[in-house]
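I opened a fresh page to note what I looked up here, going from one residue outward to the chain as a whole.

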Amino acid sequence: MGVGGSQHATAIRDVAAGDIPQIAAIHRAELPDDLCALLGQKFLERIFYPELLRNSDAALCADDGAGVVGFVFFSSNEQFLRNLVMRYSHRILWYGLPNLRKPWFWRYAVEAVMLLAVKDDRLRGSELVYIAVSRARQHAGIGSSLTRVGLAELRQRGIGRCWVKTLASTPLNVEFYEKLGFRQFKSHLGRVYLSLDVATVSDSR
Ligand SMILES: CC(C)(COP(=O)(O)OP(=O)(O)OC[C@H]1O[C@@H](n2cnc3c(N)ncnc32)[C@H](O)[C@@H]1OP(=O)(O)O)[C@@H](O)C(=O)NCCC(=O)NCCS
């Protein structure tokens, strides 16, 4: 599938292990305040994304021939983050070491733990865990294409519902998901939660 309005066709394809360094770099550039990004490139590259890839229902990237310019990961493993923290706590502490004296790091860490503790029956199905598109390639339809192709894959896998949480302080992100058919169902800890009935999605790969 070609998307993205550049001179080279941008194809949506499955993520391979070799794409992870580029994905980690886009994550850090486009989500700089995210706790995982604050743990650094090595954490994302060696621990977070290999584990997320193993636990994903769909993992897609946009490739313009010169490299990865965007990605999206969906996972229905509710225990994924909790297991990752338990399994790699020492290494997470190690990667977090340079930030331990920064008060905002602790604020993000406490917030992350509180978000992990949220119990809600509506948080079922597959979570859109992370999506990002390289700055220079945003607003050309790449994020929407990645999400639509991912949702079509969830539907083919028989997954009925997809949900996502995003910062309430980023109304354009909320708008992005609403344009794709997601609807808001909850606000908590400065996050807006949105979900979508995957059966309404058409095939688009
Ligand atoms: C959100 C994101 C993935 C969207 O990807 P994209 O390829 O730019 O999305 P599309 O071109 O398919 O759709 C763009 C639409 O999303 C909305 N949008 C999302 N972020 C926006 C932003 N920063 N500025 C303007 N519009 C934005 C607008 O409605 C926009 O419509 P428009 O282009 O007609 O104005 C991308 O902006 C991004 O990587 N942002 C940084 C990382 C991030 O915030 N990820 C989401 C975390 S929940």
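I began with G141, which is partly exposed because 16 other C-beta atoms lie within 10 Å; by the cut-offs, 20 or more such atoms would make a residue buried and 12 or fewer exposed, with C-beta atoms placed from the backbone. The model is predicted, so I note that local features need pLDDT of at least 70 and side-chain atom pairs pLDDT 80 or more, while totals for chains, interfaces and linings use all residues. Residues are numbered from 1 along each chain as its sequence is written.

G141 sits in the loop between β5 and α7, where helices (H or I, at least four residues) and strands (E, at least two) are DSSP runs numbered from the N terminus. I also looked up its C-alpha distance to A24, which is 21 Å, with the two positions 117 residues apart along the chain.

Next I turned to the ligand, which 18 residues surround, Q138, G143, S144, L172 and F176 being the closest; a residue counts as near if its C-beta atom, placed from the backbone, lies within 6 Å. The elements β5 (126-133), α7 (142-156) and α8 (171-179) each supply at least two residues of this shell, and α8 gives the most, with five.

Last came the whole protein chain, in which I found eight helices and eight strands. Its C-alpha trace spans about 45 × 40 × 30 Å along the principal axes, and 35% of its 205 residues count as buried.
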